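The following paragraphs lead through a structural model, beginning with one pair of helices and moving outward from there.

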Amino acid sequence: MSVADLHDREQAAWRVLDDVLDPEVPVLSVRDLGIVRAVDSLEEGMRVVLTPTYSGCPATEVICDSVRQALESAGFGPVTVSLQRAPAWTTEWMSDEGRRKLREYGIAPPGAVQPPGPTPMTFFPRRPLAAAPEVLNCPRCGSAHTERLSAFGSTACKSMHRCLTCREPFEHFKPL
Amino acid sequence: MNSIAVSASLHVRYVLRLADTCLIHAQRLSEWCGHAPVLEEDIAMTNLSLDLMGQARALLSHAGSLDGQSWDEDQLAFLRDERHYFNLTLAEQPMRRSSAHSSGGDFADAVVRNLILAVWFRLHWQALAASSDAELAAIAGKALKESRYHEEHAAQWVIRLGDGTEVSHAKTQAALDRAWAYTAEMFVDDDTDAYAQAQGLGPLRSSLREAWQSSVQAVLDEATLSVPPASSFLSTGSRGTHSEHMGFILAEMQYLQRAYPGGRW
């Protein structure tokens, strides 16, 4: 295959990955999540490199299998999928499209990641103070009048909140 | 199923100490599943446990690849005996249920231990992100991000309970008193630490004491809790000599693989 053919093949493979969804947040594709590091066309088959989101995320193995199956059934096989831990995945790699899909799905998308450095440990009021740096908007009604119920939720990547205006609970994809 | 023995390599030992502390702490936290005081906390405890389990898996796989005997993460978790486990003694102490030898079993024990260990881990991950061992550095870079949420969560609870009611204050102080004697071990160096420092693998444990003390002290001050007096007791789990609780936790963790060797599901 020529270099141009290999390139076309890789572009086609990337498009297949648009339809491989995160089993725990089934509106986000692996590309929206920003976990695909590389898609390389080999003489025979393809090699895909993924970055895990959380160390203990139980979806990691399912995602690797889904990527392999999707590419192989689209005729790109044999496909090998490997994991690359460094640099560590961050929510900054999530696409704008992914953030929009999350909001529409009812999950508040991640905000800015806290810069490395000491974290001041003080009592955390549920309702942010007026001067709080990050105000989380309710993904349903848009109100900024929300409070955090817990930093941990139904999956490793989410926290639990509620809106004090529309009174609905909602989840937030935590910045990492 | 016969037990396996890891090599005496100090590099392997260094990685196993971290892996085993993650794994045993995760196992204790998982005991809260279905038993925490409120649903949100049930979910939080199991989430913390899941992160730690993920970190343990990565570290065990790495230790297995360094060991030269091709042990995988499951073999290392399920087929090592007590003397081949190198976790901090604090991690194996009863957390939810009390035992004949310990009056632990209080939610306060869980939040105090989470704070003590989360700060210790965070300082390790920060230092290890620059390790000469590239895989260890990659695991630490990932774990560091997760440990911030662990530390924040633990600190919130210690402050909430310590500076709460008279009863919650007394229970949290009692939990702190129970845990404190085991913190000396967290900062004692031996040949493994000296090797790690010489090879650029990671820091001397003793070098982390000051930063740990100041982070923990800041939370305890806000929680109106007092630092217990130092004692001459020194636990030795990270050298492979454990407290009486270790055999029981391994029996619970390892039963299935010992009874049905190689069983998969």
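Helices α6 and α7 of chain B are oblique to each other, because their axes cross at about 125 degrees and this class holds the angles left over when those under 35 degrees count as roughly parallel, those over 145 as roughly antiparallel and those from 65 to 115 as roughly perpendicular. The axes of α6(B) and α7(B), the latter spanning residues 166–180, lie 7 Å apart; axes are lines fitted to C-alpha atoms, for helices over the stretch in contact, and angles run from 0 to 180 degrees between N-to-C directions. Helices (H or I, at least four residues) and strands (E, at least two) are DSSP runs, numbered from the N terminus.

The model is predicted: local features need pLDDT of at least 70 and side-chain atom pairs pLDDT 80 or more, whereas totals for chains, interfaces and linings use all residues. Residues are numbered from 1 along each chain as its sequence is written, and chains are lettered from A and ligands numbered from 1 in the order in which they are written.

Where the two helices meet, Val158(B), Leu161(B) and Gly162(B) of α6(B) face Ser168(B), His169(B) and Thr172(B) of α7(B), contact meaning C-beta atoms, placed from the backbone, within 7 Å.

The contact between the chains draws 29 residues from chain B and 21 residues from chain A. On the chain B side, α2 (39–67), α6 (134–162) and α9 (209–222) each give two or more residues, and α6(B) gives the most, with 16 residues.

Chain A holds an open sheet of 4 strands in the order β4-β7-β6-β5, with mixed pairing; strands pair if DSSP finds at least two bridges between them. Its edge strands are β4 (107–108) and β5 (146–150). Strands β6(A) and β7(A) pair in the antiparallel sense over 5 bridges, and His161(A) stands opposite Phe170(A) in β7(A).
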